[in-house]
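User: I would like to learn how to read a protein model. Could we go through some features in turn?

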Amino acid sequence: MRISKEHLQRLLMNVQKPSRYTGGEWNSITKEWNNDRLKLALAYPDTYEIGMSNLGLGILYDRVNACDEFLAERVFAPWVDMEQVLRETDVPLFSLETRHPLNEFDVIGFSLQYELTYTNILNMLDLGHVPLFAAERTDQDPLVIAGGSGTYNPAPLTPFFDLFVIGEGEEVLVELLKAIRDRRTICADKRTLLQHLTAIPGIYVPSLYKTRYNQDGTYKSVKPKEEDIPARVRKRIASELGPVPKKPIVPNMRVIHDRGAIEIQRGCGRGCRFCQAGMIYRPVRQRTGDEILKAIDRMVAATGYNEIGLASLSSSDHPDIAQIISEAKRRHDDKRLTISLPSLRMDAFSVELAKMVQETRRTGLTFAPEAGSQRLRDVINKGVTEEDIFQTTKAAFENGWNRIKLYFMIGLPTETDKDVQGIIDIVQRIRSQGKRIRNRRVHINLSIATFVPKPHTPFQWLSLASHQVIERRLQILMDNLGFRGIHLSWSDWDTTWLEAILSRGDERLGAVIHRAWKSGAHFDAWDEHFRPERWREAFAQEELDPDFY
């Protein structure tokens, strides 16, 4: 039974940000709720303002709702105040478009983008009155499925999902929904349905496979339980990028990326050995310049945005990027259109592009050398030389920038203290270079992340650097970069530790995730809610050693 507007208004009297839960945004799609349509809840396991900034969610929403036989609505993780209201009033978690409870949908599709949102998945299912474990759901319950980069190692979440979509979802999702709709008219038995769905390339049904372990805890085998189940699941890759959503939803509140976004290319040909996205989204596929410009025109007209982000793993690699920026700004000069480029490579051409998009105000430039020495940059296949770094920063200072942000990693394979000293040398030299060119102190924001080995990368079998090593190398940086104008930030060790465990963990971690959630773990990606002791206790209770992972 859907939640009435009057009931919703009473609920929202007790939460800080009611616009997270009201729906009704400009360009949102509300279809008639009837038995003829298969109903999909697109679930994002984080808050509205983060989920609404996810480009993939908008693409799937547009693609599914373009089919009259389907209905796609959105649901996000409720913040702690809304969760308390829902539990106290026994109101189930509901969708934004028609306010139907999660358990009334045919399919619930989660987007897996970050390991530290996994407990939010359990919380959303529980709030939506959906059984957590796939084995406990009946034929009348929704199918719970997942897609996204997290499915490239779905093992830790297998107890909770009926199936995973491995690969790029916009092509396979409609095919999957059609198969579910057609098969359910023939047979409502869930197991038979799941067996039938394994015939679709890219679909992994964990309940139809058996995992065996060696005595040392490592994998021995993962084999299908029956002969007609595929022994290997291959990822789905779209041969070309589908159409850009013509009318993307304009959020009711300020979100993380409060602008229009157009995916101009997918994949990256640079081959950085630490980068999971660069590996799993191969090959590179690009939209033409004309297609991108038409998409910009439609998006500005449909949304009123005066800022459009050209999304890609490396936006400056698009062969027509300069012409696209120039022509888009010319066409929409009356609207003072701003173009943002979320990812730039470290070269003088990127500085020229930045000049084009920051004509009036130099807000700052961001680059990622990643490692402090040429030896280590070669190990990770970064493809950036010391000359590239200093030529790029020289061009930035000469063109009016006073603020630069640099991303580095520590804990990389084969790293030594000498490589960390290289970070210090680079930053000090850039600082001196900027002061000489700008004749004033420049600002350098230095962001230090700890390397986390990820599945399906060349470094996937390597271990996470120890806490002691990371702390010591951070201390080296802090002791030597305490200059005015240099701001140093770094990733939290405990969140890095948990991300490393969950990113490459096996099926046994499902019990750990469940225990952690039962003890209160959710919104682990938010500093104010993350309690690593809950996870350590969950490991202890399950008699699993986190160091093994």
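**Reading the model feature by feature**

Analyst: Start with one residue and its surroundings. Serine 312 touches Ile264, Gln265, Pro342 and Ser343, when residues up to four places away in sequence are not counted. Bear in mind that this is a predicted model.

User: Where does serine 312 lie, and is serine 312 buried or exposed?

Analyst: Serine 312 sits in the loop between β12 (307–311) and α10. Buried means under 20% relative accessible area. Serine 312 has 14% relative accessibility, so it counts as buried. A distance along the chain can also be set beside a distance in space: serine 312 and cysteine 268 are 44 residues apart along the chain, and their C-alpha atoms are separated by 8.4 Å.

User: What should I look for in a nonpolar core, and which residues have the most contacts inside the largest one?

Analyst: A nonpolar core is a set of buried residues of certain types joined through side-chain atoms within 4.5 Å. Here the largest has 155 residues, and Phe110, Leu197 and Leu310 are those with the most contacts inside it. Helix α6 (residues 169–186) supplies the largest share of this core, seven residues. Another core lies apart from it, with nine residues, including Cys272, Phe274, Leu376 and Leu412.

User: Which residues does leucine 310 touch?

Analyst: Leaving out residues up to four places away in sequence, leucine 310 touches Ile262, Ile264, Ile292, Ile296, Ser315 and Ile321, and also Ile324, Ile325, Ile339, Ser340, Leu341 and Pro342.

User: How many residues of helix α5 are buried?

Analyst: The count is nine of the ten residues in helix α5 (residues 118–127), so this helix is largely enclosed by the rest of the structure. The buried residues of α5 are Tyr118, Thr119, Asn120, Ile121, Leu122, Asn123, Met124, Leu125 and Leu127.

User: What is the phi of histidine 129, which follows α5?

Analyst: Phi is a backbone angle to check by its sign. For histidine 129 phi is near 60°, a positive value in a residue other than glycine. Histidine 129 is in the loop between α5 and β4 (143–147). With 37% relative accessibility, histidine 129 counts as partly exposed. Arginine 336 is another case: its phi is positive, about 55°, although it is not a glycine. Arginine 336 lies in the loop between α10 (321–331) and β13 (338–340). Its relative accessible area is 65%, so arginine 336 is exposed.

User: Which two residues does a cis peptide bond join?

Analyst: The angle to read here is omega. A cis peptide bond joins arginine 282 and proline 283, with omega about -5°. Proline 283 is located in the loop between α8 (276–280) and β11 (285–286).

User: How do I read a pair of packed helices? At what angle do α14 and α15 pack?

Analyst: Read the angle, the axis distance, the crossing and the residues that meet. Helix α14 (residues 417–438) and helix α15 (residues 467–480) pack at about 25°, and their axes are 10 Å apart. Angles under 35 degrees count as roughly parallel, and α14 and α15 are therefore roughly parallel to each other. The crossing of α14 past α15 is right-handed. From α14, Asp417, Val420, Ile423, Ile424 and Gln428 meet Arg472, Arg473, Ile476, Leu477 and Asn480 of α15. The residues of this contact are five nonpolar, two polar and three charged.

User: Why might residues three or four places apart point the same way?

Analyst: An α-helix has 3.6 residues a turn, so residues three or four places apart point the same way.

User: At what angle do α16 and α18 pack?

Analyst: Helix α16 (residues 493–504) packs with helix α18 (residues 532–541) at an angle of about 40°, with their axes 10 Å apart. α16 and α18 are therefore oblique to each other. α16 passes α18 in a left-handed crossing. Asp494, Trp497, Leu498, Ile501 and Leu502 in α16 meet Pro532, Trp535, Arg536 and Phe539 in α18. By class, this contact has seven nonpolar residues, no polar ones and two charged.

User: Is lysine 190 buried or exposed?

Analyst: Lysine 190 lies in helix α7 (residues 190–197). Lysine 190 counts as buried, at 12% relative accessibility. Neighbours within four places in sequence aside, lysine 190 is in contact with Ala134, Arg137, Thr138, Asp139, Leu143 and Asp162.

Notes:
Residues are numbered from 1 along each chain as its sequence is written. This is a predicted model: local features need pLDDT of at least 70, side-chain atom pairs count only at pLDDT 80 or more; totals for chains, interfaces and linings use all residues. Side-chain values use heavy atoms; hydrogens and water are left out. Buried means under 20% relative accessible area, exposed over 50%, partly exposed in between (1.4 Å probe, protein chains only). Helices (H or I, at least four residues) and strands (E, at least two) are DSSP runs, numbered from the N terminus. Contact means heavy atoms within 4.5 Å. Axes are lines fitted to C-alpha atoms, for helices over the stretch in contact, and angles run from 0 to 180 degrees between N-to-C directions. Angles under 35 degrees count as roughly parallel, over 145 as roughly antiparallel, 65 to 115 as roughly perpendicular and the rest as oblique. A crossing is left-handed if the near helix is turned anticlockwise from the far one by less than a right angle, and right-handed if clockwise. Ala, Val, Leu, Ile, Met, Phe, Trp, Tyr, Cys and Pro count as nonpolar, Asp, Glu, Lys and Arg as charged, and the others, Gly among them, as polar.
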